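Let's take a friendly walk through a protein chain. Have the picture open while you read.

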Amino acid sequence: MGGLTVGDIACGRSGDKGTTLDLTVVAADAGAYATLEAHLGAELVAGLLGAPRAVRHEVPGLLALKFVLEGALDAGPWASRRAGMHWQKAAISPVLALTLAEIGAAPA
């Protein structure tokens with residue numbers, strides 16, 4: 001167990017707009033961005049958060065990947081069936097906790 005995590009090579013934040021969950025991962029440098037761009041996919045992020053789907057947007061000028069999960073918050077943060085009133089603010093945590101081996105970027 002252990003190994004480098006996404007959070008070791010990037011930082012991130014999450015937020016919401018209505019029923020949409022928005023996650024942004026910002027790589028520490030160009031090498032980290034290349035690794036994340038190649039291995040951190042929308043399907044993986046959606047599955048990790050139990051969302052039906054995510055759309056990934058690449059922002060190479062900022063070394064960032066943005067994931068938009070429409071409808072992930074049911075009827076919005078105030079009506080969400082998820083535990084906690086504002087769990088979406090911490091939704092980036094499981095993404096940053098993924099090991100590089102889990103995303104296929106390093107040997108297991």
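## Strands side by side

First, a bit of vocabulary: two strands count as paired if DSSP finds at least two bridges between them. With that in mind, look at Val59, which stands opposite Ala64 in S4. Keep in mind that this is a predicted model.

Strand S3 covers residues 55-59, and 5 bridges join S3 to S4, the two running antiparallel. Together S3 and S4 make a hairpin with 4 residues between them. Check out Leu63 in that turn: its phi is positive, at about 55 degrees.

S4 also pairs with S2, again in the antiparallel sense, over 6 bridges. Here Ala64 turns up once more, as the bridge partner of Val26. Is S4 mostly covered or mostly open? Mostly covered: 5 of its 6 residues are buried.

## The whole chain

Zooming out, you'll find 4 helices and 4 strands. Follow the sequence along and the pattern reads α-β-β-α-α-β-β-α. The chain has 108 residues, and 40% of them are buried.

What about the outside? The chain exposes about 5800 Å², with 59% of that supplied by carbon and sulfur atoms.

## What's inside

The largest nonpolar core has 30 residues, and Leu23, Leu36 and Leu40 have the most contacts inside it. Among the elements giving two or more residues to this core are strands S2 (20-27) and S4 (64-69), plus helix H2 (30-39).

Which residues does Leu23 touch, leaving aside those up to four places away in sequence? Its contacts include Val45, Leu49, Leu65, Phe67, Ile92 and Val95.

Definitions and conventions. Residues numbered from 1 in each chain as written. Predicted model: local features only at pLDDT ≥ 70, side-chain atom pairs only at ≥ 80, totals over all residues. Heavy atoms only, no water. Core = buried A, V, L, I, M, F, W, Y, C linked by side-chain atoms within 4.5 Å. Buried < 20%, exposed > 50% of the residue type's maximum accessible area, 1.4 Å probe, protein only. Contact = heavy atoms within 4.5 Å. Areas by Shrake-Rupley, 256 points an atom, 1.4 Å probe, with all protein chains shown as cover.
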